[in-house]
Amino acid sequence: MTAANVRQIVLDIISDIAPDEDVTSLDDSKSLREQLDLDSMDFLDIVMELRKRHKVEVPQEDYPKLATLDSCVAYLSPKFA
Amino acid sequence: MSQYDAIVIGAGMSGLAAGIRLAMFDKKVVILEKHSIPGGLNSYYQRRNFDKGGIRQFDVGLHALTNFIKKGEKGKPFSKLLKQLRLSYDDFKLCPQTHSKISFPGVELKFSNDFELLQNEVHEKFSSQVDAFNELVEKVRSFNELDLSIGYQSSRDVLKTLIADELLVEMLLCPLLIYGSAWEDDMDFAQFVIMFKSLYFEGFSRPEGGVRTIISLLMKKLDEVGAEVRFKAAVTEIITKDGKAIGVNVNGEELYAPVVLSSIGYPETVRLTKEINIDPQVGKMTFLESIFIFDKKIPLQSQDSTIVFYNNAPEYAYRPATNYFDSTSAVVCFPDNYEPQNREGEGTVRITFMANYHQWRELDRAAYDAKKDEVGDCALKLVKSMMPGFDGNLLFKDIFSPMTIERYTWHLNGTVYGSTDKTRDGRTPVPGLFIIGTDQGFLGIVGSILSGISMANLHGLMREGDS
């Protein structure tokens, strides 16, 4: 799976759990929390959706690795390989 | 024998919300409710109306839904609830209040869903206390009430160090105490902050259709995500093995799960659990509610507030009544004064007095009925004094007592705000058994729903991530 695919998977999940957020103009290197109204409950939902939809597990100690879109892609790509 | 991922005891607001969260992520979950309908302390009931031969339905708890937000507002408790349960703002059909007021001898403070009104009122009526009030507001704003590790701190102590005028302290505390304190005359400062934000910063609304609108939204979502709900399902025992909760006994059947979330109250949960060596206190605060239906709506010139927090005593006494019920203070709700304020049809008023469970329990049937009539007369007199010039006729009245609350919710002693021993992270001494709802410490309908969500997240969903 390409980096662009992984990026899109994360964006699709965010759009579903926070339907009011605009995800089209995100800066991939900046914190998602700073750009969107996401709290720790929403990050839990991102993790839960990754497991439910793609059988990808993210242990709790790795939650910080989902901070930006860039770090999401870097961290998740090997799991989708 | 049936095996689940999680068992939820109680189909009140917290239990329904917890069930939704767990089933949403493919947990096999069952909600067990002793009553024949959902809602718990925020449920509904019906009475035949002999005059008109019809049936009337009444909400039990709901005067107001706190934590009002406008559509699109972010980062607030209500917006978190919508996102976590994937519900839409429009489905709640929220009708905002006009304004409410705190009415003490000689002085009134109005507040609305715009915090500026309360600020202006304090400015006008307690001009010497404006700086102190602003300091309190800043303290509330910056306080992290979601930190589950904070211990008990008396709100009165905190307020008195900031605000010199005791009347202002009493008036600010009054709505917050009676809308959610399990403690007499005081409340935990973390609870005070939650309530201050919920009532004064955010405000009140009511879903069109009342509490049933919320319950049916939650039931529909539960169905969509595939959770099982059983009614008339009385849990008689929480089964433990080697000191851990492993399931429940319900109507003689054993169900097993590694996680049991109980919304029935901390003392009530402990009573069902063997091998548990604690004794959480049963709270003392319980209430009487009178509902009056008139043959026409109360005109706004007679009463334009949505809720009146009334006190006619020199000091506001938030404690069990000494003589069955206390009519020196009350919460009076005029549900017709929510938007859009349709003036057609019947008018409704609801009024709550503090009560004394132990005295009500001693009454025999005849004395109980007579005492209820006395409450009704007293309540009607007070209601009429609040709507001068209103000439409508009383069509119907209904009164429910601490005994009614105990009978239909199984909360010991008819408590409404639960035990004074809260478990803020939901944990009990028994691994696998967790408390959700009022005794976890979040209050009101929005609070209970958030309690169910956050405890399901913490103890039901995140535990696998731990391993």
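**A chat about chain B**

Modeller: In this predicted model, 6 bridges join β11(B) to strand β12 (residues 244–250) of chain B, and the two run antiparallel.

Biologist: What is the strand order of the open sheet of 4 strands in chain B?

Modeller: Start at the ends: β1 (2–3) and β11 (235–241) of chain B are the edge strands, each pairing on one side only. The pairing in this sheet is mixed. Read across, the order is β1-β13-β12-β11.

Biologist: Is B:D242 buried or exposed?

Modeller: B:D242 sits in the loop between β11 and β12 of chain B. Phi there is near 50°, a positive value in a residue other than glycine. A residue with 12 or fewer neighbours counts as exposed. B:D242 has 7 C-beta neighbours inside 10 Å, so the verdict is exposed.

Biologist: How far apart are the end C-alpha atoms of helix α7 of chain B?

Modeller: Helix α7 covers residues 189–202, which is 14 residues. At 1.5 Å a residue, they should span 20 Å. The model agrees with that, as the end C-alpha atoms are apart by 18 Å.

Biologist: Where is the kink in α7(B) centred?

Modeller: α7(B) is mostly covered, with 12 of its 14 residues buried. Among them are B:M195, B:F196 and B:S198. The kink is about 30°, and its centre is B:F196.

Biologist: Which residue does a cis peptide bond join to B:E339?

Modeller: Most peptide bonds are trans. Here omega is about 5°. The partner is in the loop between β17 (325–333) and β18 (347–355) of chain B, and its name is B:P340.

Terms used: Residues are numbered from 1 along each chain as its sequence is written. Chains are lettered from A and ligands numbered from 1 in the order in which they are written. This is a predicted model: local features need pLDDT of at least 70, side-chain atom pairs count only at pLDDT 80 or more; totals for chains, interfaces and linings use all residues. Two strands pair if DSSP finds at least two bridges between them. The expected span of a helix is 1.5 Å times one less than its number of residues. The bend at a residue is the angle between axes fitted to the seven residues ending there and the seven starting there. A residue is buried if 20 or more other C-beta atoms lie within 10 Å of its own, exposed if 12 or fewer, and partly exposed in between; C-beta atoms are placed from the backbone.
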